[in-house]
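Reader: Please show me how to read the spaces inside a protein and the interface between its parts.

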Amino acid sequence: MVYFDNAATTKPYEEVLKTFNECGADEYFNPSASYSLSFNLYKKIGDIRKKFISILNGDVESDNIVFTSSATESNNLAIFGSCFNKEKKYLFSVGEHPAVYNCAMELKNKGYKVFFIPLQKNGQVDYDKLDNLCDNDVCFVSTMFVNNETGAINDLIRIRNIIDKKAKNCVFHVDGVQGFCKIPIDVTEARINLFSISAHKIHGLKGLGALYISKGTKLKNIIFGGGQEFGLRSGTINYPGIISFYKAAQTTCENMKKNFVKVTNLKNYLREQLVKLNKNKIRIVSDNECSPYINSLIFEGNRGETIMRFLDSKGILVGTGSACSSSKVGNRVLENMGFNKNQILGSIRISFSADNTKGEIDYFITCIDDYLKNINA
Ligand code: PLP
């Protein structure tokens, strides 16, 4: 099997599974209980919070991490936990994953003043339009780090600088899922208040996420219960999951540079091969500025869905539409970048991990070549 859908999810590392199993079997105590064994687990979780903050280049002494069930939950907590003043304005990039976009729509439906920041042709946030939208009433801005469909990387420092010119004390939330441990991030430099991450995109397990919270950022809980995670996320703490999440983050982060070089080589190789093959107007949406991990391609005049199924029959798994959204309705991201309906219909997404190889790309190219020859025969 050739797995080219790593933006949807990744294969867990062996050591992640081992860590989860061992902690789950041996250290199954509730970390919030009062006996010493539980206290030790709670202390370990505290150390791991600091390690996550450190990976993000936050302040380990004063910033915080809240563990959640997913980046979807982290995004919900960041948004619904911050947005409660109907007099203020809330800005969201239009290219957001449904885990943010649908929260924005929910706020809008409830009567909040929600505005969407358009994208540029290259898939990044339109910085000038953001500038136009900003004023002193804006209290919350949410833009992702790396787009899950195109790999477009937003310039977060530039975004924060634009916000700060006009909107004082504005909370800046970033959905960091597709960049975390793959592209360096400095939450302190970009003055990010809230940063969402997910374990299963970095070879961790599904059902594990976290939200980074910078010092002084006010947040209300959206889940009510026993008051775990500083009252922000009630529910028995998933100790084995958190320890395994850190294992995934540590391993991926240690190899960040090496993986980036490897995946960039794969991306360049894929592009070269596609250019050679380009008999049927294959468009490479993701340019050189994009994350090498995510490559959006358009096969003009073809249907991405059909190509995906053909590749599936050859043992190659690729993505179409949004990474992990279960119901797909059009493609808001590509549409906003200026692609027409037909082009969007012909889109597929190849997303790499450092485990992929040039040989797999060769096989993919051979299959695509066959497919295009057959449909045009
Ligand atoms: N945000 C982005 C950018 C994503 O790509 C995804 C999943 O594809 C999510 C959020 C949701 O993450 P999770 O599956 O942890 O809820």
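Reader: Which residues line the second largest cavity?

Author: On a 1 Å grid over the protein atoms alone, a cavity is a set of points where a 1.4 Å probe fits but cannot get out; lining residues have an atom within 4 Å of a point. Here the lining consists of Ser93, Gly95, Leu119, Gly123, Met144, Asn147, Ala152 and Asn154. This is a predicted model, in which local features need pLDDT of at least 70, side-chain atom pairs count only at pLDDT 80 or more, and totals for chains, interfaces and linings use all residues. Residues are numbered from 1 along each chain as its sequence is written, and side-chain values use heavy atoms, with hydrogens and water left out.

Reader: How many charged residues does that lining have?

Author: Asp, Glu, Lys and Arg count as charged; Ala, Val, Leu, Ile, Met, Phe, Trp, Tyr, Cys and Pro as nonpolar; the others, Gly among them, as polar. The lining of the second largest cavity has no charged residues, three nonpolar and five polar.

Reader: Where do the domains lie in the sequence?

Author: Domain bounds come from an automatic or database domain assignment. Domain 1 covers 2-9 + 256-375, and domain 2 covers 14-254.

Reader: How many residues of each domain are in contact?

Author: Contact means heavy atoms within 4.5 Å. By that rule, 29 residues of domain 1 touch 32 residues of domain 2.

Reader: How many salt bridges does the rule find across the interface of domain 1 and domain 2?

Author: A salt bridge is a side-chain nitrogen of Lys or Arg within 4 Å of a carboxyl oxygen of Asp or Glu. Zero are found across the interface of domain 1 and domain 2.

Definitions and conventions: 1 Å grid on protein atoms, 1.4 Å probe; cavity = no way out; pocket = protein on both sides within 12 Å on 5 of 7 lines; lining within 4 Å.
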